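Welcome! Below are some exercises, each with a worked solution. Have a look at the structure first, then work through them at your own pace.

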Amino acid sequence: GTNFACPTLGPLPAEASNPSYPAVAPIAAAMADRREVPWCVVFLVSGALVAHTMVLVGNLSTSRMLHGMGASTNGWSRVGTSLARALTEDLEPQMHRVSTYLTEAIEVSTSIQQGTDAVLSATGDAADGTLQQGLNNRSITTHAKAEAFKAQVMDTLRKTTNDLLEDLSPVIQDLVTKMKPALGQVQEWLSTFGTKIQAALEQLGTTVDKVQKIFDQVMAQLSSPPTGDNFEYMVDNTFTLFDTDNSGALFADDLKSVADIFGISALQGEKAEELVKKYDKRGDGMDRDEFVEFVHDPTLPGIMSVVLRTYARKLADIGGAVKGAKMRDEVASAVTDYFSLVCSKNKTRVAWVSQALTNGSLPLQFTADVIKDLTHAEHSTNRLSAVNVGAEVLGTMVQLDQVAVSRALTLLGNASFWAAEGYDVNDLPSLLGQVAEWLADIPNGLAVLSKGLGLKTSGTDKESLIRDVFRYGKAEANRYLAENTDAMAGDQSSLYASELSQLLRDALLGGSGAAAAGNDAKADQSVRGGRRAMPATLEFATWLSYNATDTAHRHLQACFDFTGASSGAVESFATQVNEMISKTKSFLNLLATYASQKSIDRFSGEAENFAQEAVKDMLQISEDYLDMKIAVFECEMLDNVPCNTTMASPEWVKQGAKAFSQELTGAFSFITMTVGELKTILPSVIDDLKFAKKGVSSISNTMDSVMTVLGLKAPPLFYKVAAVYKAVWISYFVFFGLATLLMLFYGFWASGYFSGPEATPEEEQFYEAPQTIGDKLRTCCGAFGACFSGCEDSHLFFWSMVLLAELLVLVLFVISVGICVVGGIQAFLTAGCAQVYILGDETICTSAMEILRTFLKSFGVDQTPITDMCAQEKLVTCGMINESALHALVMSIVGGVVASLLSLQMVVESAILHERARYRKLAQKAK
């Protein structure tokens with residue numbers, strides 16, 4: 001259908017088909033014997049083969065890119081799991097160690113404050129006792145003897161004070177020993193976990209998200225749609241998640257709860273009622289069959305995978321938190337989170353954990369701690385379940401062992417145990433009231449409550465029961481607080497009973513005892529709550545962590561198999577990484593002023609200075625006190641000694657103390673300021689540190705699970721797609737190459753080579769050469785259909801069918817090239833590689849890996865040098881995509897367009913050659 005077809009042998013007159021035409025004989029003889037090389041066909045075939053080769057090379061490049069993406073997926077999977085391992089092996093133990101040091105530092109600080117009170121008390125008591133004894137024996141009769149007695153008392157005080165401070169010095173040194181490594185680690189974090197590291201971690205989180213999205217998008221473009229082979233698994237495991245109240249049927253409230261727990265905006269508001277009305281045929285809630293229809297609703301694409309994947313990631317978070325928990329309160333909190341998440345989905349798991357809490361395999365104190373945390377979780381704003389978790393768990397525990405639950409309640413009802421566990425005693429009444437509310441609705445619950453707390457519960461309505469239990473808790477809390485307050489007041493009164501001890505307290509400590517000034521309920525709770533869990537508890541935590549992680553891993557694999565994607569549209573590691581960074585910065589900022597090398601040296605210097613200078617301040621004040629007492633004695637008892645009424649006045653002592661305070665060394669500021677401030681700030685630091693540690697444990701476990709699944713599933717899929725893609729295009733090249741070479745053979749055959757076409761008696765059709773475009777198109781169509789009008793000639797029949805097949809293949813080829821070009825461009829554009837520099841430049845990638853290594857020493861993949869990691873693990877995904885995709889697109893598009901044009905021209909030329917064959921047959925007949 002073009003105007004640039006190669007020239008033919010020139011048309012014969014119309015009469016040439018008539019043997020009687022006088023010029024036929026010589027012309028026919030010439031044409032029948034004439035053979036010429038079909039150069040046009042040779043050119044077209046050569047060009048088409050070159051173009052097809054370009055298409056093949058381009059698509060083989062795409063195949064290599066897909067294979068490289070498989071290797072890159074595997075590399076990023078290994079990097080992700082390595083980062084998770086480094087967080088677990090490096091950062092998490094360091095955080096635990098620092099938390100332990102700081103908790104012990106609070107305890108030692110309390111001992112120092114108590115020891116300081118003891119030193120001042122003992123010094124005052126010793127001085128007053130010696131002074132009264134000497135003055136009462138009437139041996140002092142002159143001023144000289146009074147001065148000698150004063151020197152004797154000062155010698156005694158000097159020895160006593162030195163001995164007392166020597167006993168206190170090891171405790172102070174213990175504080176330094178615990179604080180220096182903790183502050184040193186914080187100093188290292190502050191230097192390494194600076195803006196550069198934070199930016200690197202944030203960028204890595206974004207990169208991991210981007211890598212997942214790129215892989216998912218490419219797989220969505222190039223792989224076949226997911227078959228959902230594990231549909232039954234998905235239905236079984238998501239129906240229980242939607243059935244939030246364990247009723248066996250789904251209602252609008254269930255859908256709303258799922259929306260809140262898993263963040264599904266499509267189920268919020270009136271949408272839940274609309275969906276239930278649409279699929280609940282009988283009006284008694286959606287059953288399993290109706291649920292199957294519900295999950296295929298077009299407004300909820302991939303709802304099962306979204307919910308189950310979110311659940312799995314939350315479960316992996318909890319598994320990491322349980323695994324990283326070392327302290328008793330951390331383990332109890334993690335177990336409570338596990339209960340909250342799985343309670344509505346898997347009652348078997350609830351029963352397993354409840355059995356461990358009641359069968360004696362775990363300490364009873366731990367069971368009581370879990371019950372306490374369940375009451376706090378009941379009022380949490382970040383609930384993981386819509387059911388009443390505490391009531392469910394406590395009901396299961398009562399069903400398994402009533403005696404064990406009663407014993408746990410006995411502990412919980414004891415304010416001394418409550419305080420010993422590091423809990424706020426003021427929370428005891430509300431906790432016991434909440435437990436009573438749960439037990440009131442549980443079979444045999446009242447008996448358990450009565451036995452545990454020793455209360456009469458029979459014949460009491462629920463509201464009265466809860467009120468009675470609340471009052472019991474309030475009375476218990478008040479009793480403990482009163483006893484504790486009286487004991488502390490009695491201790492302070494007995495410590496500072498002597499006059500000198502009170503003067504020393506006022507002058508050196510600012511008027512309040514060191515322990516009384518440092519009495520901080522939060523510090524006390526941090527110390528008591530920061531106890532290491534028992535071996536049995538840690539063993540149970542390890543088992544629970546493995547179980548949760550394995551279940552999460554299995555669910556993530558199922559979601560990948562079902563959807564062909566490794567992550568959801570809104571799932572983000574970057575968000576978790578940013579939260580972890582925020583939590584870490586929080587406690588680092590609190591300790592920043594204490595963790596510089598200058599501050600650490602100052603802290604050590606103040607501790608050493610206290611041991612050396614404190615005795616001087618104490619003796620200076622004691623000497624002034626002795627002067628006052630002796631002056632009073634001389635005025636009262638010695639007539640021959642002038643009376644110094646100024647020194648004998650109590651006001652002089654007070655004024656002297658104020659004057660001396662300006663001349664003192666300031667050693668006691670270590671007690672009043674440094675130790676006091678640390679004891680005040682450390683509880684908040686420890687809370688933030690535990691929070692950050694929990695975040696590190698969660699993100700490391702989640703990243704390990706997700707990236708392990710990605711490494712197991714994605715690379716084989718990419719390799720398979722690459723192999724199939726390669727095989728398809730090699731087959732294409734072989735087919736088109738053979739078809740093109742066949743056309744070359746036909747060109748030579750039609751031109752008289754290889755015995756050429758032979759005439760048949762029946763071939764006497766009137767021939768008229770094509771002149772216009774319309775004539776040529778009709779000629780093509782006529783050539784394709786020649787077999788149907790003259791099938792007796794097997795050669796022409798065969799070649800006519802070949803030409804018809806060539807046209808069909810040409811159409812398919814044009815369509816396939818169009819699809820590949822559009823799909824390739826779409827995949828390339830949606831990748832969005834330009835937004836993430838790590839994925840596009842090996843130098844930037846290597847720099848990011850080196851920065852991470854400075855913060856996480858164990859970060860790395862096998863024995864690969866950190867400088868070679870990006871290259872060996874194929875981490876520069878976008879660089880590979882950009883390079884390969886550009887080459888593939890250029891080769892495929894250029895080759896495809898050229899091959900299409902040349903193939904089209906070959907079809908036209910083949911039709912002309914077909915006429916030439918007919919022409920030769922006419923010539924042979926005429927000859």
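A residue is called buried under 20% relative accessible area, exposed over 50%, and partly exposed in between (1.4 Å probe, protein chains only). By that rule, Cys559 is buried, with a relative accessible area of 0%. The model is predicted, so local features need pLDDT of at least 70 and side-chain atom pairs count only at pLDDT 80 or more, while totals for chains, interfaces and linings use all residues. Residues are numbered from 1 along each chain as its sequence is written, and side-chain values use heavy atoms, with hydrogens and water left out.

**Exercise 1. Describe the protein chain as a whole.**

Step 1: Begin with the helices and strands, which are DSSP runs numbered from the N terminus (helices: H or I, at least four residues; strands: E, at least two). The protein chain has 32 helices and 0 strands.

Step 2: Turn to burial. Of its 927 residues, 52% count as buried.

Step 3: Look at contacts, meaning heavy atoms within 4.5 Å. Among those between residues at least 6 apart in sequence, 83% join residues at least 24 apart.

**Exercise 2. Find the disulfide and place it in the chain.**

Step 1: Search for a pair of cysteine sulfur atoms within 2.5 Å, which is the cut-off for a disulfide. The structure holds 1 disulfide.

Step 2: Name the partners. Cys845 and Cys870 form this link, with their sulfur atoms 2.0 Å apart. A disulfide is a covalent bond between the sulfur atoms of two cysteines.

Step 3: Check the twist. The angle about the S-S bond is -90°, and the link of Cys845 and Cys870 is left-handed.

Step 4: Locate the two ends. Cys845 sits in helix α30 (residues 842-855) and Cys870 in helix α31 (residues 869-872), so the pair ties together parts that are 25 residues apart in sequence.

Step 5: Ask about burial. Both Cys845 and Cys870 are buried. Elsewhere, Cys343 also counts as buried, at 2% relative accessibility.

**Exercise 3. Work out the surroundings of Ser406.**

Step 1: Find its element. Ser406 belongs to helix α14 (residues 402-412).

Step 2: Is Ser406 buried or exposed? Its relative accessibility is 4%, so Ser406 counts as buried.

Step 3: List what it touches. Leaving out residues up to four places away in sequence, Ser406 is in contact with Val448, Lys451 and Gly452.

Step 4: Look at the polar atoms. A polar atom of the Ser406 side chain lies 3.3 Å from the backbone oxygen of Val448.

**Exercise 4. Examine two salt bridges.**

Step 1: Apply the cut-off: a side-chain nitrogen of Lys or Arg within 4 Å of a carboxyl oxygen of Asp or Glu. A search of the whole structure finds 30 salt bridges.

Step 2: Take Glu293 and Lys281, whose side chains meet at 3.0 Å, N to O. This pair links distant parts of the chain, 12 residues apart: Glu293 is in helix α8 (residues 288-294), and Lys281 is in the loop between α7 (271-279) and α8. Glu293 is partly exposed at 39% relative accessible area, whereas Lys281 is exposed at 53%.

Step 3: Now take Glu483 and Arg479, which form a salt bridge at 3.0 Å, N to O. Both lie in helix α18 (residues 462-495), 4 residues apart, about one turn of the helix. Glu483 is partly exposed, with 45% relative accessible area, and Arg479 is partly exposed at 31%.

**Exercise 5. Decide how enclosed helix α19 is.**

Step 1: How many residues of helix α19 (residues 499-509) are buried? The count is 8 of the 11, so the helix is largely enclosed by the rest of the structure.

Step 2: Pick out some of them. The buried residues include Leu500, Leu504, Arg505 and Leu508.

Step 3: Follow Arg505. Its relative accessible area is 18%, so Arg505 is buried. Arg505 forms a salt bridge with Asp506, the closest N and O atoms being 3.3 Å apart, and Asp506 is partly exposed at 40%.

Step 4: Step past the end. Just after α19, Gly510 takes a positive phi of about 85°.

**Exercise 6. Explore the contacts of Phe859.**

Step 1: Set aside the neighbours within four places in sequence. Phe859 then touches, among others, Val79, Leu83, Met849, Leu852 and Ile866.

Conventions. A polar contact is a pair of N or O atoms within 3.5 Å; within protein, one must be able to donate a hydrogen and the other to accept it, and residues adjacent in sequence count only if both atoms are side-chain atoms.
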